[in-house]
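Work through the exercises below with the structure open beside you. Try each task before you read its solution.

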Amino acid sequence: MSWGSGKGRICHEKASCEDHGSLEKPLKTESRNCLRCFRPKEHCYCSMIQAVDTGIKFVILMHPWEAYKQRTGTGRLTSLSLTDSEIIIDKTFDQNRRFRELLDSQQYHPMVLYPGKDASTAGAYDFKASLQGKKLLVFLIDATWVMARKMMYRSPVLQNLPRLSFDQSYISRFHIKTQPAEYCLSTIESTYYLIKELQACGIGFKDTSIEGLMQVFDELNRFQMECRNQRFSENAQKKGSP
Ligand SMILES: [Zn+2]
């Protein structure tokens, strides 16, 4: 799912009640969902998604709840939209084999998108030099705000990674969630704005268009709003009937 950040702050949008399921059982509708984008098969987004190479590696650290329960999460859509990206599903990461492998690779300069007083931004004067010619690897924590904090607390290696934040503040366009504050962004929005800032500072491929990320996000918004309106009118009809 998705959390985002304003300048120096990160939080998670609070899912509305209907998005939360029981934590004991896997998604009942799993077989009705596309196994790639996890959307209902009749509303599969795969044909809309054209993955692009941004020259930056993104790794989405996804809490299992987000992976299997959250129906309106954007982490998976984010990963599908970026060629050099992957998802690691776990509750803690320090012992995760793939996480460790990525950290040990000499190919990357790993950072985590998370606020903190020492967090860097793309626009910092020495940011590009700090990459030392390596490819930037951004870990994105995909969980509710409470879960994200726990994931950090329980993963000291992750907690101590250099942090990345935003140069500017952004307002979420996610209409289908109750946001704790308007500066909270979904994962796909966070990624979009971060890439924009990095591209503007000459990091990654500046000519790669990432508008597809927002297009698929807008479509998700549109579809969920449609479902919500339909539910409202059905409920109104039930109340109105004798
Ligand atoms: Zn699909």
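**Exercise 1. Give the strand order of the open sheet and find its edges.**

Step 1. The open sheet has 6 strands, in the order β4-β3-β7-β5-β8-β6. Their pairing is parallel. Strands here are DSSP runs of E with at least two residues, helices are runs of H or I with at least four, and both are numbered from the N terminus. Two strands pair if DSSP finds at least two bridges between them.

Step 2. The edge strands are β4 (85–89) and β6 (120–121). Each of them pairs on one side only.

Before going on, note the ground rules. This is a predicted model, where local features need pLDDT of at least 70, side-chain atom pairs count only at pLDDT 80 or more, and totals for chains, interfaces and linings use all residues. Residues are numbered from 1 along each chain as its sequence is written.

**Exercise 2. How many bridges join β5 to β7, and how many join β5 to β8?**

Step 1. Take β5 and β7: they pair in the parallel sense over 5 bridges. Y108 has K135 in β7 as its bridge partner.

Step 2. Now take β5 and β8: this parallel pairing has 2 bridges. Here V112 stands opposite R163 in β8.

Step 3. Check another pair. Strand β3 (residues 57–62) pairs with β4 in the parallel sense over 5 bridges. I60 has I87 in β4 as its bridge partner.

**Exercise 3. Is helix α7 largely enclosed or largely open?**

Step 1. Locate the helix. α7 covers residues 187–200, which is 14 residues. From first C-alpha to last it reaches 20 Å, close to the 20 Å expected at 1.5 Å a residue. The expected span is 1.5 Å times one less than the number of residues.

Step 2. Apply the burial test. A residue is buried if 20 or more other C-beta atoms lie within 10 Å of its own, exposed if 12 or fewer, and partly exposed in between, with C-beta atoms placed from the backbone. In α7, 11 of the 14 residues are buried, so the helix is largely enclosed by the rest of the structure. Among them are Y192, Y193 and L194.

Step 3. Look past the helix. G202 follows α7, and its phi is positive, near 80°.

**Exercise 4. Where is S169, and how far is its C-alpha from that of Y193?**

Step 1. S169 sits in the loop between β8 (163–165) and α7.

Step 2. S169 is partly exposed, because 14 other C-beta atoms lie within 10 Å.

Step 3. S169 and Y193 are 24 residues apart along the chain. Their C-alpha atoms are separated by 9.5 Å.
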